[in-house]
Amino acid sequence: MKSAIYPGSFDPLTFGHMDIIRRSADIFDELIVSVLNNKEKTPLFSVEERVKILKEATRDLPNVKVESFSGLLIEYAKSKNIHVAIRGLRAITDFEYELQIAQTNHKLSGGRLDTMFLTTSLEYAYLSSSSVKEIASFNGDISQCVPDFVIPLIYEKFGIRRE
């Protein structure tokens with residue numbers, strides 16, 4: 001069985017993330033979407049909330065599993081006996097950053113973890129979790145950015161009630 005991990009903060013989950021998840025699920029027998037518990041950041045949603053959101057968003061994808069992890073990706077992948085990490089790319093600037101991480105992970109894992117890059121579909125190339133949070137914080141329309149059920153959850157985090 002070919003398996004892969006798609007790690008990320010997913011704070012919040014966007015249509016760009018879902019694009020990568022759906023396409024990766026078509027390529028691999030099993031895809032583990034892994035929410036990173038990064039103690040260096042102050043997320044909008046807790047790890048548990050992000051896992052719950054992802055489980056709801058991927059419920060129609062039987063080969064997708066959602067988990068969380070902390071620490072190094074290479075150690076997490078090793079514990080799962082998985083040798084492929086998925087990363088989404090929106091622009092060349094993403095590639096420079098992601099390439100360095102991919103090369104570091106490959107080296108530190110003794111060559112046991114490869115990274116597969118998928119370019120985000122053009123319709124989502126503009127989209128980032130940071131921009132969604134900024135738009136929502138000013139009560140802007142995020143309906144083109146995130147799944148419907150996530151919209152009220154995001155506004156709630158900013159203390160915004162929308163009709």
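In this predicted model, the second largest pocket is lined by Phe45, Glu49, Lys52, Ile53, Glu56, Phe149, Leu153, Glu156 and Lys157. Two elements, α2 and α6 (151-157), each give two or more residues to this lining. The leading contributor is α2, which supplies four residues. Sorted by class, the lining of the second largest pocket holds five charged and four nonpolar residues, with no polar ones. Among the charged residues on the list are Glu49 and Lys52, while Phe45 and Ile53 are included on the nonpolar side. The volume of this pocket comes to about 170 Å³.

Attention now turns to the largest pocket, where the space amounts to about 1,200 Å³. Its lining is made up of 44 residues, and those lying nearest the centre of the pocket are Gly8, Ser9, Arg87, Tyr97 and Glu98. Six elements are worth tracing on the structure here: β1 (3-8), α1 (15-27), α2 (47-57), β4 (84-89), α4 (92-108) and α5 (129-137) each give two or more residues to the lining of the largest pocket. Of these, α4 provides the largest share, with nine residues.

The chemical make-up of the lining of the largest pocket can be read by class as well: 18 residues are polar, 17 are nonpolar and nine are charged. For anyone following the two sites side by side, α2 is a handy landmark, as this helix gives two or more residues to the lining of the largest pocket and also four residues to the lining of the second largest pocket.

Notes
Residues are numbered from 1 along each chain as its sequence is written. This is a predicted model: local features need pLDDT of at least 70, side-chain atom pairs count only at pLDDT 80 or more; totals for chains, interfaces and linings use all residues. Side-chain values use heavy atoms; hydrogens and water are left out. On a 1 Å grid over the protein atoms alone, a cavity is a set of points where a 1.4 Å probe fits but cannot get out, and a pocket is an open set with protein on both sides within 12 Å along at least five of seven lines; lining residues have an atom within 4 Å of a point. Grid points are joined across faces, edges and corners, and a volume is the space filled by probe spheres set on the points.
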